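Here are some exercises to work through with the sequence and the 3D view side by side. Try each task before reading its solution.

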Amino acid sequence: MKYNDLDIKKWKESDINVDSLWIIEQREKSGKHSNVYHGNFIPQIPNQLIRRYTRNEEIVLDPFLGSGTTLYEAENLNRNFIGFDINEDIFNFVKNNMKNSSEIQYSIKIADVTSQEEFDNAITTSLESMKAEKVHYVLMHPPYLDIIKFTSHKNDLSQISDTDLFINKMLDVIKNCLSYLEKERYFSIVIGDVYKKGEVIPLSSLIINAVKQKFQVKLKGIVVKNIAGNRAKQGKGGIWRYRALNSDYYIFKHEYILTFKKMF
Ligand SMILES: C[S@@+](CC[C@H](N)C(=O)[O-])C[C@H]1O[C@@H](n2cnc3c(N)ncnc32)[C@H](O)[C@@H]1O
């Protein structure tokens, strides 16, 4: 089954990154991308993934819509899109950004994606509006535990400080998403590790193990991506380095893009 529109005969000219280390120096800022939301994507991430794992006019699902980075890339690449977020303010921002867009079919809603009932309601009405039954790729960019608090909603994943609870809630979200992903298609999770109580919590490894145990999937890629243009770290290199040297830890300079193939 063909799952992208890449022309393999032109492989030498392709700019699709197939390496497991992505160094992205400059954040793409054109079009609707504005970098207003703390914890948003570098647009090149969804751009690469959408082109690698979907075909023209297929449906991309983003259960953590945020400021809409994946939606704007879906629009640039002529993919249809479904996106949810629990944060009403950022949802309204995205809605406003899209008010003159009619190039692609898209459906965005406020929803708590950890709740099966809310998720089912949101996605079935979205799919109905597109006369579709399944999505073709899922890109998830959850909060990294409670490192950045997005809302005060009690079901916001960024309210969770307990690692086991966070992983279990993520499994709920993944289960919800996978029910609507076509068989033998792909999903990616973008996540970073965190420090808590003086030690590293390897969220990326914990998620990989939990997903592998719970679902019939194949792990296709662990891409390490540098943190460039991250606002929290901008211009503070000296201070962070001083603090790390004065203590016993390393400064996070990378995040992970984990890609799986759904086998059921
Ligand atoms: C890391 S941000 C996503 C950023 C996005 N990729 C962008 O480029 O703007 C995570 C998002 O997950 C949302 N979120 C947290 N818990 C949620 C839940 N239970 N249901 C839906 N969205 C949730 C937050 O409101 C936040 O916007």
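Two strands count as paired if DSSP finds at least two bridges between them. Please keep in mind that this is a predicted model.

**Exercise 1. How many bridges join E1 to strand E9, and which residue in E9 is the bridge partner of Leu-21?**

Step 1: E1 and strand E9, residues 217–226, run parallel and are joined by two bridges. Step 2: Look at Leu-21, and you will find Val-224 of E9 as its bridge partner.

**Exercise 2. Work out which strands stand at the edges of the sheet.**

Step 1: Write down the order of the eight strands, E1-E9-E10-E6-E5-E2-E3-E4, in an open sheet with mixed pairing. Step 2: Strand E1 (21–22) and strand E4 (106–110) each have a single partner strand, so one side of each has no neighbour in the sheet.

**Exercise 3. Find the strands that helix H3 touches and those that helix H5 lies across.**

Step 1: Helix H3 (residues 88–97) packs on the sheet against strand E3 (80–85) and E4, and its direction makes about 155° with that of E4. Step 2: Helix H5 (residues 163–178) lies across E2, E5, E6, E9 and E10, running at about 150° to E6.

**Exercise 4. Describe the surroundings of the ligand and its polar contacts.**

Step 1: The ligand is surrounded by 24 residues, with Tyr-37, Phe-41, Ser-67, Thr-69 and Asp-85 the closest. Step 2: Sort this shell into twelve nonpolar, nine polar and three charged residues. Step 3: A polar side-chain atom of Thr-69 is 2.5 Å from a ligand oxygen atom. An N or O atom in the side chain of Asp-112 lies 2.9 Å from a ligand nitrogen atom, and a backbone N or O atom of Val-113 is 3.0 Å from a nitrogen atom of the ligand. Step 4: On its own the ligand has 610 Å² of accessible area, of which the protein covers 99%.

Notes
Residues are numbered from 1 along each chain as its sequence is written. This is a predicted model: local features need pLDDT of at least 70, side-chain atom pairs count only at pLDDT 80 or more; totals for chains, interfaces and linings use all residues. Side-chain values use heavy atoms; hydrogens and water are left out. A residue is near a molecule or strand if one of its heavy atoms lies within 4 Å of it. A polar contact is a pair of N or O atoms within 3.5 Å; within protein, one must be able to donate a hydrogen and the other to accept it, and residues adjacent in sequence count only if both atoms are side-chain atoms. Accessible areas come from the Shrake-Rupley method with a 1.4 Å probe; for residues, only the protein chains shown count as cover. Ala, Val, Leu, Ile, Met, Phe, Trp, Tyr, Cys and Pro count as nonpolar, Asp, Glu, Lys and Arg as charged, and the others, Gly among them, as polar. Helices (H or I, at least four residues) and strands (E, at least two) are DSSP runs, numbered from the N terminus. Contact means heavy atoms within 4.5 Å. Axes are lines fitted to C-alpha atoms, for helices over the stretch in contact, and angles run from 0 to 180 degrees between N-to-C directions.
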